[in-house]
Amino acid sequence: MVFVKTHDISELNQDLIGKQVVLGGWIEDLRKLGKMSFITLRDVSGISQIIVKGELNDNLGEINRQSVVSIKGIVQETKARDFAFEIKAEEIEVLGKAIHPLPVDPIGRIESNIDTRLNHRALDMRNQKTASIFKLRHHVLQSLRKTLVGKKFIEITTPKIIGSASEGGADLFSLDYFGKTAYLAQSPQLYKEQMTIGLERVFEISNFYRAENSHTGRHLTEFTSIDIEAAFMDYEDVMNVLESLVLAVYKDVSEKCKTEQEAIEHEIKVPSSPFERITYSQCIEELKKKGEKVEFGDDLLDSHLRIIGRNHPGFYFLTDWPMKLKPFYIREKDEDATLSRSFDLQYGFLELSSGGTRLHNPEMLKERLKEQGLDPTQFADHLKTFDWGMPPHSGWGMGLDRLMTTIIGIDNVREVVLYPRDPDRLSP
């Protein structure tokens, strides 16, 4: 008979002493000492010590560590240093037996490389450092939604199977769609722009796809993106939204996730504000001073951004990029048509977000498409919405996975994604 769990371990308290509870979890440790056994039981909320005596101990048999059990017993005070309370077991039922040895050690006493851990990701989640990373990710998502809703943004969900490229370019996964060619969406760009017609301020947090054959610690083929689009805002306005969002996330998790910070051995500190803002032109000058052979209009390479990142550690905005380096939907600056109303949010050399003011004039948008070698007829469904009264609008997209690496102080996005997808990894 399976006992119905009555309490999480974290719910055990002084008022329950002498009362019967039913706990469920997995055996993290088991010590047999003659007529008595000590079980360390863990569930998602914490750990508890279980005391097994008498006939129950005699009949305990062989139970492997990491097996899942249900334990009925009486809460009592304990002299053990690592536990607030202990349970005197009355009944124990093994619900799921674990093999021995396991492919990875969930306790972390024996370290496994990241590929081995990813191949056994569900088991890796019993490692408290790994589990804490994803608890932090949960709180980050909660914070993002709370802040955006508080700024009057409405959450939307856009299609991930699309009939044409969101932003042009070749990094698209294609698939057969009932005899037609379809693609996996790179971003919600066109859809979120369209939604400003009626909803004004929208956001989406969802997975998107990029067929980029990159093997760095910051690239994935499937990634989670946080996107916003806002009517009647300029790129300066949405930069302010982005900065306040990052600051709120850091503040929320630094205050609410003390246990998780202890588990990952990293203190989350709220960054100083306001974030520094430097222009693309300033970057070019800084690079030239370092002996780099770059000219205005050149794209910034990873090696360039590492130099800039050393000059500007932490968060900073890189603004006013040349128009020729930006997508067709970005608007130029009124005072200099060679420059765009655009920005990237950087963390050192790491690009976290890209955004800007969008073109909302359909004729100018068609011309821009042609200039970039794109066929306006392929964007007909998008362009027609501009004839219905498209408001001026701005927005950005930010990689959640990359943001997570800055929060927890690591440099590999695979650590913060449950089942990462890259050019070499398609399973589990």
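Before I start: I call a residue buried when its relative accessible area is under 20%. The model I'm looking at is a predicted one.

**Entry 1: salt bridges**

I ran the search over the whole structure and got 33 salt bridges. I picked a few to look at by eye.

I began with E28 and R42, whose closest N and O atoms are 2.5 Å apart. This one ties together distant parts of the chain: E28 is in strand β1 (residues 20-33) and R42 is in strand β2 (residues 36-43), 14 residues apart. Are these two buried or exposed? E28 comes out at 14% relative accessibility, so I put it down as buried. R42 is at 11%, so I count it as buried too.

Next I went to E91 and K72, also a salt bridge, with 3.6 Å between the closest N and O atoms. Again the pair links distant parts of the chain, with E91 in strand β5 (residues 86-96), K72 in strand β4 (residues 68-76) and their positions 19 residues apart. I checked how each end is covered. E91 has 36% relative accessibility, so I noted it as partly exposed. K72 has 19% and therefore counts as buried, given that the cut-off is under 20%.

Then D422 and R414: their side chains meet in a salt bridge at 2.9 Å, N to O. D422 is buried, because its relative accessibility is 12%. R414 is buried as well, with a relative accessible area of 10%.

Which residues did I find joined in a network of salt bridges? I wrote down R117, R121, D124 and E415.

**Entry 2: aromatic pairs**

I switched to rings, and the whole-structure search gave me ten aromatic pairs. I opened up Y280 and W321 from that list: their planes make an angle of 40° and their centres are 5.5 Å apart, so by the angle classes I have the pair down as tilted. The partners come from distant parts of the chain, 41 residues apart. Y280 belongs to helix α8 (residues 280-289), while W321 is in the loop between β13 (315-319) and β14 (342-347). I get 0% relative accessible area for Y280, so that residue is buried. W321, at 5% relative accessibility, counts as buried too.

The other pair I looked at is F328 with F379, which I logged as edge-to-face: 5.3 Å centre to centre and 65° between the planes. Where do the two partners sit? F328 is in the loop between β13 and β14, and F379 is in the loop between α10 (362-371) and α11 (380-384). The two are 51 residues apart, and the pair links distant parts of the chain. F328 has a relative accessible area of 1%, which makes it buried. F379 has 5% relative accessibility, so I count it as buried.

I also traced a cluster, in which ring pairs link Y250, F275, F315, F317, F343 and Y347.

**Entry 3: charges over rings**

Last, I looked for charged ends sitting over rings. I found the charged end of R306 over the ring of F349, at 3.8 Å from the ring centre.

Back at W321, I noticed K326 over its face, 4.9 Å from the ring centre. W321 is the residue I had already paired with Y280, so in my notes W321 now has an entry for a ring partner and one for a lysine.

Technical notes. Residues numbered from 1 in each chain as written. Predicted model: local features only at pLDDT ≥ 70, side-chain atom pairs only at ≥ 80, totals over all residues. Heavy atoms only, no water. Salt bridge = Lys/Arg side-chain N within 4 Å of Asp/Glu carboxyl O. Helix = DSSP H or I, 4+ residues; strand = E, 2+ residues; numbered from the N terminus. Buried < 20%, exposed > 50% of the residue type's maximum accessible area, 1.4 Å probe, protein only. Phe/Tyr/Trp six-rings, centres within 6.5 Å; stacked < 30°, edge-to-face > 60°. Lys NZ or Arg CZ within 6 Å of the ring centre and 35° of its normal.
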